[in-house]
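Here are my notes from going through the model, set out as numbered points. Have the structure open next to you while you read.

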Amino acid sequence: MPQLFDHAPIAPCPGRARPARRGVPQPSDDLRAKALEVHRRLGAVFGLPIPYFHSLDPLSELVSSLLSHRTRNAESGRAFKALRARFPDWSDLVDADTAEVEALIGGVTWPEAKAPRIQQVLRDVLQRHGGLDLDFLADMDPEEARAWLAAIPGVGPKTSAAVLSFSTLRMPALPVDSHHHRVAQRLGLIGPKVDVGPSHDLLRAQLPADWSAQDLYDDHEVLMLHGQKTCHFRSPACGACVLLDLCPAGQARGA
Ligand code: SF4
């Protein structure tokens, strides 16, 4: 893994200050600069841009994201394929026998909760939009689209951001999964008590307001990959980490 400690941190650009979102504390210039430096160094390690791993329509991405909560990618992928094979038209899933849906997605965590929730979320989309598709979100401002999704019970900040970012909508949004969250916390980008949900707005606010969908996707992906490959949950490999000089947790472990 290349060592890239010799570069000066990227200075924050005052012209890119993100307008304050109600209730979201705005980050200091130091925190913005640190977030950019983390992005730059991890981008050099993993190579940017990161290819998109999905090209699902937004409604399918919503189903996929609801399946993936606290579940390994391989298992949620299997469950998604099983659902798709049984219900090529999502409208057939809405009123399907919930026990059958639960059996089809049996490999994910909490299938007994996810099966009825997915069906209810589809009903909510149908009721609010009048049809079972989410392509209309492309005509909205990203924040407006995220709010539309987040108003559906059971759709949290990660799911709404994932639908906008990972689906064919390719809209600018920053999903935060457990790896991304853990790395951000150890680096001090967010506080030790900030949960995954509230971390979305805080981490997004540290990045330039005019970043593209690909930029934000890249940021999520490189922090997630770093969490998977180096900053492991139990034994982070701090000695091999390109972020050690920026990381209070890593330095404390060394001390
Ligand atoms: S120095 Fe250690 S704790 Fe900090 S980001 Fe790197 S691997 Fe994680």
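1. Start with the two domains: their C-alpha centres lie 27 Å apart. Domain 1 is made of 14-50 + 176-254, and domain 2 is 58-166; the bounds come from an automatic or database domain assignment. Keep in mind that this is a predicted model, where local features need pLDDT of at least 70, side-chain atom pairs count only at pLDDT 80 or more, and totals for chains, interfaces and linings use all residues. Residues are numbered from 1 along each chain as its sequence is written.

2. How many residues does each domain give to the contact? Domain 1 supplies eight residues and domain 2 supplies five, where contact is scored when C-beta atoms, placed from the backbone, lie within 7 Å. On the domain 1 side, the elements giving two or more residues are α10 (196-205) and α11 (213-229). Helices here are DSSP runs (H or I, at least four residues), and strands would be E runs of at least two, numbered from the N terminus. That side of domain 1 divides into five nonpolar, two polar and one charged residue. The classes are Ala, Val, Leu, Ile, Met, Phe, Trp, Tyr, Cys and Pro as nonpolar, Asp, Glu, Lys and Arg as charged, and the others, Gly among them, as polar.

3. Now look at α1 (residues 29-46) against α11. The two axes come within 9 Å and cross at roughly 70 degrees, which makes α1 roughly perpendicular to α11. For the record, axes are lines fitted to C-alpha atoms, for helices over the stretch in contact, with angles from 0 to 180 degrees between N-to-C directions. Under 35 degrees counts as roughly parallel, over 145 as roughly antiparallel, 65 to 115 as roughly perpendicular and the rest as oblique. From α1 the residues involved are H39, L42, G43 and F46, and they meet D218, D219, V222, L223, L225 and H226 of α11. By class, this contact has five nonpolar, three polar and two charged residues.

4. L223, in helix α11, deserves a closer look. L223 counts as buried, with 28 C-beta neighbours inside 10 Å; the cut-offs are 20 or more other C-beta atoms within 10 Å for buried, 12 or fewer for exposed, and partly exposed in between, with C-beta atoms placed from the backbone. Not counting residues up to four places away in sequence, L223 touches L42, H180, V183 and A184. The C-alpha atoms of L223 and G43 are 9.2 Å apart, although 180 residues separate the two along the chain.

5. M224 is also in helix α11. M224 is buried, with 22 other C-beta atoms within 10 Å. Leaving aside neighbours within four places in sequence, M224 is in contact with D177, H179 and H180. The C-alpha atoms of M224 and H180 are separated by 4.5 Å, with their positions 44 residues apart along the chain.

6. Helix α9 (residues 178-187) is mostly covered, with seven of its 10 residues buried. Those are H180, H181, R182, V183, A184, R186 and L187. The buried residues of α9 pack against α1, α10, α11 and α12 (248-254). After α9 comes G188, with a positive phi near 85 degrees.

7. In domain 2, try α7 (residues 142-150). Which residues of α7 are buried? They are A145, R146 and L149. These cover an arc of only 100 degrees around the axis, so they sit on the same side of α7; the arc is taken over directions from the helix axis to the C-beta atoms. E144 and A147, on the other side of α7, are exposed. The buried residues of α7 pack against α8 (157-166).

8. Finally, some backbone geometry to check by eye. Most residues other than glycine have a negative phi, and most peptide bonds are trans. The L48 to P49 peptide bond is cis, with omega near 0 degrees, and P49 lies in the loop between α1 and α2 (58-68). R70, in the loop between α2 and α3 (73-86), has a positive phi near 55 degrees. R70 is exposed, with 10 other C-beta atoms within 10 Å. W110 has a positive phi of about 50 degrees and lies in the loop between α5 (98-104) and α6 (111-129). W110 counts as partly exposed, with 13 C-beta neighbours inside 10 Å.

Conventions: Two residues are in contact if their C-beta atoms, placed from the backbone, lie within 7 Å.
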